[in-house]
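Reader: Could you take me through one part of this structure slowly? I'd like a close look at the salt bridges, and then at the sheet and what sits around it.

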Amino acid sequence: QTSEIEALGLKYASARIDSSTRAHYYPGAGRITVKVFAEKGSGRLLGGQIVAVDDDSSAYLAAKRIDILATALQAGMNVDDVLNLDLAYAPPFSPVWDPVLIAVRQLVKQV
């Protein structure tokens with residue numbers, strides 16, 4: 001993704017975090033890595049990557065979060081807009097702070 005952003009001549013920042021796919025105490029919690037990109041200055045969200053390692057539901061747990069980023073990109077959101085999203089909390093699907101929000105919170109510090 002960085003090569004595409006660079007080809008557009010944009011200055012960007014990225015943040016990568018490792019987190020849990022579910023609440024830490026919930027059975028079957030696995031690891032998830034979220035990387036997000038935003039334009040420096042404007043904070044416009046430019047993209048993201050998500051990889052989850054889990055039991056049979058890993059595709060669902062990663063897709064849930066990819067949908068967040070896809071919707072934010074389609075809506076033209078910036079990192080502050082994404083931080084204001086009220087994402088659902090349910091131990092089988094997410095820790096209290098969703099990994100996407102954790103990654104974007106790190107990204108805000110750089111844009």
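Author: Let's start with the term itself: a salt bridge here is a side-chain nitrogen of Lys or Arg within 4 Å of a carboxyl oxygen of Asp or Glu. Keep in mind that this is a predicted model. By that rule, the structure has four salt bridges.

Asp98 is a good place to zoom in. Its side chain meets that of Lys64 in a salt bridge, with 3.5 Å from N to O. Asp98 sits in the loop between α3 and α4, while Lys64 belongs to helix α2 (residues 58-74), so this pair ties together parts that are 34 residues apart in sequence. Asp98 also meets Arg65 in a salt bridge, this time at 3.2 Å from N to O. Arg65 is in helix α2 as well, so here the parts tied together are 33 residues apart in sequence. Put those together and you get one network of Lys64, Arg65 and Asp98, joined by salt bridges that share partners.

Now, how covered up are these three? Asp98 is buried, because its relative accessible area is 2% and buried means under 20%. Arg65 counts as buried too, at 0% relative accessibility. Lys64 comes out at 21%, so it counts as partly exposed.

There's another salt bridge to look at, between Arg16 and Asp18, where the closest N and O atoms are 3.7 Å apart. Arg16 counts as exposed, with 56% relative accessibility. Asp18 is partly exposed at 46%.

On to the sheet. A bit of background helps: strands of a sheet pair through backbone hydrogen bonds, either parallel or antiparallel. This one is an open sheet of three strands in the order β1-β2-β3, and the pairing is antiparallel. β1 and β3 (45-53) are the edge strands, each pairing on one side only. On average, neighbouring strands are turned by 10 degrees against each other, if you ignore direction.

Let's go pair by pair. β1 and β2 are joined over nine bridges. Within that pairing, Ala13 stands opposite Ala38 in β2, and Tyr12 stands opposite Glu39 in β2. β2 and β3 pair over eight bridges, and one bridge puts Val36 together with Gly48 in β3. Those two strands also make a hairpin with five residues between them, and Gly41 in the turn has a positive phi of about 95 degrees.

Zoom in on Ser19, which lies in strand β1. Ser19 is buried, at 11% relative accessibility. Leaving aside neighbours within four places in sequence, Ser19 is in contact with Gly30, Arg31, Ile32, Pro99 and Ile102. Of these, Gly30 is in the loop between β1 (12-20) and β2 (31-39). Gly30 is buried too, with a relative accessible area of 10%. The C-alpha atoms of Gly30 and Val53 are separated by 5.7 Å, although the two residues are 23 apart along the chain.

Last stop, the outside. Tyr25, Tyr26, Tyr89, Val96 and Trp97 form a nonpolar patch on the surface, with about 570 Å² of accessible area together. Val96 is in the loop between α3 (79-83) and α4 (99-108). Val96 counts as exposed, because its relative accessibility is 57% and exposed means over 50%.

Key: Residues numbered from 1 in each chain as written. Predicted model: local features only at pLDDT ≥ 70, side-chain atom pairs only at ≥ 80, totals over all residues. Heavy atoms only, no water. Patch = residues over 30% accessible without salt bridge, like charges linked within 9 Å, V, L, I, M, F, W, Y side chains within 5 Å. Areas by Shrake-Rupley, 256 points an atom, 1.4 Å probe, with all protein chains shown as cover. Helix = DSSP H or I, 4+ residues; strand = E, 2+ residues; numbered from the N terminus. Buried < 20%, exposed > 50% of the residue type's maximum accessible area, 1.4 Å probe, protein only. Pairing = 2+ DSSP bridges. Axes fitted to C-alpha atoms, helices over the stretch in contact; angles between N-to-C directions. Contact = heavy atoms within 4.5 Å.
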